[in-house]
Amino acid sequence: MKKLFSLLILLLIFSCNKEAQQVDTIVTNAKIYTVNANFETAEAFAIKDGKFLEVGNAIDIKKKFQADTIIDAKGQTIVPGLIDAHCHFYGLGLYEQRVNLVGTKSFVEVIKRVTDFQEKRNSPFIIGRGWDQNDWEEKEYPNKALLDRLFPDTPVAISRIDGHAMLCNQAVLDLAKITKNTKVEGGEILMEKGKLTGILIDNPMGLVEAIFPEPTKQEKIAALLEAQTICTNLGLTTVSDAGLDRDVIELIDSLQKAEKLNIRVYAMISNTKENLDYYLPKGKIKTEKLNVQSVKVYADGALGSRGAALKQEYTDKHNHFGAMVIGLEDYKNLATRIEKADYQMNTHAIGDSAIHFVLNTYNKTLEGKTDRRWRVEHAQVITDNDFDYFKNENIIPSIQPTHATSDMYWAEERLGKERVKGAYAYKTLLNQSGRVALGTDFPVEQVSPFLTFYAAVARQDVEGYPENGFNKENALTREETLKGMTIWAAHANFEEQEKGSIEAGKFADFIILDKDIMQVPEREIPNIKVQQTFIDGVAQ
């Protein structure tokens, strides 16, 4: 009897194995946050042809499927591949080839980094980015005098961390033909006692950027590949690049097709005549790795450089309101053109005056339309009843939590005690809109999505300041934050049916973490490490 019973068991096992479906990979023994509609957890999933085939408990997955590759996650946490909803992916790669001025605590330190860079590179045109006068003891814009003495013949152009102010030496100003009589709308050319300081804010920077040496094709490829390595090592599987030209988009496409660039790119085209004339008549471009159906537009500048357009004057600068960097009628006409082309409009808007104008234009342009998902990028300072505009399902707030924790040291100086209450108001935006897309704006901020997560939930810097969080009432929960970095970011890109959660039929983009991001103490979140990043079920 016992022999007969054993034989039946063996036959049953053989039968089960024979019927098990062959798949490419099985991942088991994990704590999986699926980020599906019910935010369910799971233990295992099967992958076939680069997509999740089934998600469930370990026993069922092992019973139904067999694979040559079986990954035992050893109880570690798995979440969907992270999506940065607003960044400068290509810019990050270029940034790695230029002077890095992030974290400088004085103008003297800025100068040292520039001179050290030049000793190693001997560059014919020095370009850098990352200084922030708000981090210095003297919180005033620097002057070009020292650069003129050190580099009388070599052009030097170094941008503020937000990319909305630039310090140039006289060699650059001469090449760009900028004099004290130069007039450019939508920004400032700062002078002291009738002389140029070398500081340019917003649109005048374009005169300098126009004379930057064009990177070679090989330098562009190197920049994209280096950016990919940085991003995938940190768990990013999709990046939304906020402003690209046609040549870079086509290069990204060619590298993806050659399987050299695996990261997925949501490419917002930069608002230039050449880009618009080419892409808008052509229509949307969509592959599994590249999505082109949106235009990145600038409405105003940044708060740190006092270029953000405010309804009332800056608290720390009398009779100064910032400025729009695009004409109002030009903006309205552009919105109409983008809408007719069935493209998405994604507008950088930081000050409450700029945001009001953008929201009002969106509302009117999209009247009677459905599911257009036009985005307000940054949405930093909102006053009066303008939050109500986000109830419109056609409008999405695209926000960057680390901006709040970077700006919190001086934001009240710019805005005052009352106005700052409506700044970086992420929870209020979520309550109005029902979803928020989260990004970093790297390389303006650090690339790490775990700093994004931490800033969203803790509203503190990594030192735990301020003790109770910056305007903590606008913190997001961990579940909201993970959604904002996955499924809601995918929705903002019209891609929620193919990514953003671990569900059958979606791309097998996921990451394995060394700690449970949903459970560890808040202070440990910034130090979470990515064990492996997978795109299409393949380790990167």
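Here are some questions and answers about this predicted model.

User: How does the radius of gyration of the protein chain sit against that of a compact globule?
Analyst: Let's start with the whole chain, which has 18 helices and 25 strands. Its C-alpha trace spans about 105 × 55 × 50 Å along the principal axes. With 540 residues, a compact globule would come out near 24 Å, so the chain's own radius of gyration agrees with that, at 25 Å.

User: Are helix 9 and helix 10 parallel, perpendicular or oblique to each other?
Analyst: Helix 9 covers residues 246–257 and helix 10 covers residues 273–282. Their axes come within 10 Å and cross at roughly 50°. Angles under 35 degrees would count as roughly parallel and 65 to 115 as roughly perpendicular. The crossing angle therefore makes helix 9, relative to helix 10, oblique.

User: Which residues of helix 10 make the contact with helix 9?
Analyst: On the helix 9 side, the contact uses Arg246, Ile249 and Glu250. Taken together, the residues of this contact divide into 3 nonpolar, 1 polar and 2 charged. The partners on helix 10 are Asn275, Tyr278 and Tyr279.

User: Which residue in the loop between helix 9 and strand 16 has a positive phi?
Analyst: Most residues other than glycine have a negative phi. The loop between helix 9 and strand 16 (264–270) holds a residue that goes the other way. Its phi is about 60° although it isn't a glycine, and its name is Glu259.

User: Which residue is joined to Pro443 by a cis peptide bond?
Analyst: Most peptide bonds are trans. Pro443 sits in the loop between strand 22 (437–438) and helix 16 (449–458). Omega is about 5° for its cis bond, and the partner is Phe442.

User: What is omega for the cis peptide bond that joins Tyr465 and Pro466?
Analyst: To find this spot, go to the loop between helix 16 and helix 17 (478–484), where Pro466 is placed. The bond joining Tyr465 to Pro466 is cis, with an omega of about -10°.

User: What volume does the largest cavity have?
Analyst: The structure holds 3 cavities of 30 Å³ or more. Lining the largest cavity are Phe52, Pro80, Gly81, Thr237, Thr238, Lys499, Gly500, Ser501, Phe507 and Asp509. By class, that lining has 3 nonpolar, 5 polar and 2 charged residues. The volume of this largest cavity is about 60 Å³.

User: Which lining residues lie nearest the centre of the second largest pocket?
Analyst: This second largest pocket has a volume of about 340 Å³. Its lining has 7 nonpolar, 3 polar and 4 charged residues. Of the 14 residues that line this pocket, those nearest its centre are Gln97, Arg98, Ser123, Phe125 and Glu219.

How values were computed:
Residues numbered from 1 in each chain as written. Predicted model: local features only at pLDDT ≥ 70, side-chain atom pairs only at ≥ 80, totals over all residues. Heavy atoms only, no water. 1 Å grid on protein atoms, 1.4 Å probe; cavity = no way out; pocket = protein on both sides within 12 Å on 5 of 7 lines; lining within 4 Å. Points joined across faces, edges and corners; volume = space filled by probe spheres on them. Nonpolar A, V, L, I, M, F, W, Y, C, P; charged D, E, K, R; others polar. Axes fitted to C-alpha atoms, helices over the stretch in contact; angles between N-to-C directions. Helix = DSSP H or I, 4+ residues; strand = E, 2+ residues; numbered from the N terminus. Parallel < 35°, antiparallel > 145°, perpendicular 65-115°, else oblique. Contact = heavy atoms within 4.5 Å. Rg over C-alpha atoms; globule rule 2.2 N^0.38 Å.
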